[in-house]
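Trainee: Before we discuss this model, could you show me the sequence and the coordinates, and then let me ask how each label is justified?
Mentor: Here they are; ask about the labels one at a time.

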Amino acid sequence: MPGRAEMIAIFYTLALQKAMLNATILLPIYLWRYDKMTGILAVNAFLHGKKYTELDDLLLAGAKAWGMQLQIKTNLELRLEVPKADFVLFWDKDVSLAHALEQQGLPVFNSAKSIALCDNKALTYQTLLCTVPQPETMVAPITYFEDSNFSPFIDGAIERLGLPLVFKECYGSFGAQVFLCHSKEEIESHITARPFLLQKFCKESAGHDKRIEVIGGRCVAAMERYNPADFRANITNGGQMRPYTPTREEEALALAATEKLGLLFGGVDLLEDGTVCEVNSNAHLVNLKKSTGIDTAPLLFRAIQEVLQ
């Protein structure tokens, strides 16, 4: 009986022959194989809601389409057992757990290091310096107290970045903990003991950005997000979406950003001035599919398979 590598080689040979006959490019979505890879979809035990179950279902269907067996396990469950699988698709930000799974010998996608770099917006910014253009940013010094005096830092940021400017806590998703501030007092009102940064406001991109999904070193889908009622374009905050065809320059930025961060897959957000705003290690693929009609989940498992072969 042929092994996995032989079956894949046969499949691609036949696919290539058919593509040459039809003068088209054939993208194999279903892969017949004798032995199925088994994977774990790691999710957070404490996040509930329709958008999370929709994403889980999309990823489970994508794994099945690519001929893999995928089982959902929460970060709580994974802390209580020693899991066995060919790989872990880590759709959470529990970086310590991702690192622990790696130490147990499990291939984790994305890696614990890459998730950590994307989860902390300050680390994302610093990692991408000199690699891709980004909005001018000033990262606040760390404090351990709620009543710390940031006045000198805020004054320096206003002088350098101007007003209004964007206040972002370093940790946050779906546009939460992101504010447009028009005064020093407004900036101070958002400061807690949590780490934050201040960023130059791109007026041309108010309520608008472009999301490019990169998987396995390829730009596989993109959409525009726009919100006339908010400076943030996030769908969760009421934004809308439509398909988008990125330019070669935009694709090059997305590829460079994900490569620098060590991501096998990720969503790269671009502003109208050509800067990289944020990079998501586990972007919400459901909205991307709804907008573009492209199901990127099977492509994700293709990329994992290519790494593991």
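**Labels and their grounds**

Mentor: Let us begin with a pair of residues: Leu41 has Leu89, in strand S3, as its bridge partner. The model is predicted, and local features need pLDDT of at least 70, side-chain atom pairs count only at pLDDT 80 or more, while totals for chains, interfaces and linings use all residues. Residues are numbered from 1 along each chain as its sequence is written, and side-chain values use heavy atoms, with hydrogens and water left out.

Trainee: What makes S1 and S3 a pair of strands?
Mentor: Strands are DSSP runs of E with at least two residues, helices are runs of H or I with at least four, and both are numbered from the N terminus. Two strands pair if DSSP finds at least two bridges between them; four bridges join S1 to S3, which run parallel, so the label applies.

Trainee: How do you know that S3 and S4 also pair?
Mentor: S3 and strand S4 (residues 108-109) are joined in the parallel sense over two bridges, so the requirement of at least two is met. Leu89 stands opposite Phe109 in S4. From S3 the chain crosses through helix H4 (residues 95-103) to S4, and this β-α-β crossover is right-handed, a term meaning that, with the strands pointing away from the viewer, the path from the first strand over the helix to the second runs clockwise.

Trainee: Why are both faces of S3 called covered?
Mentor: Phe87 and Leu89 on one side, and Val88 and Phe90 on the other, are all buried, which means under 20% relative accessible area (exposed is over 50%, partly exposed in between; 1.4 Å probe, protein chains only).

Trainee: How do you know what span is expected for helix H2?
Mentor: The expected span is 1.5 Å times one less than the number of residues. H2 (residues 50-65) has 16 residues and reaches 22 Å from its first C-alpha to its last, close to the 22 Å expected. Among the buried residues of H2 are Leu55, Leu58 and Leu59, and just after H2, Gly67 takes a positive phi of about 85 degrees.

Trainee: What makes S11 and S13 edge strands?
Mentor: The open sheet of five strands has the order S11-S10-S9-S12-S13, with antiparallel pairing. Strand S11 (240-243) and strand S13 (276-280) each pair on one side only, and they are the edge strands. S12 (residues 265-270) and S13 pair in the antiparallel sense over four bridges, and Val268 has Val279, in S13, as its bridge partner.
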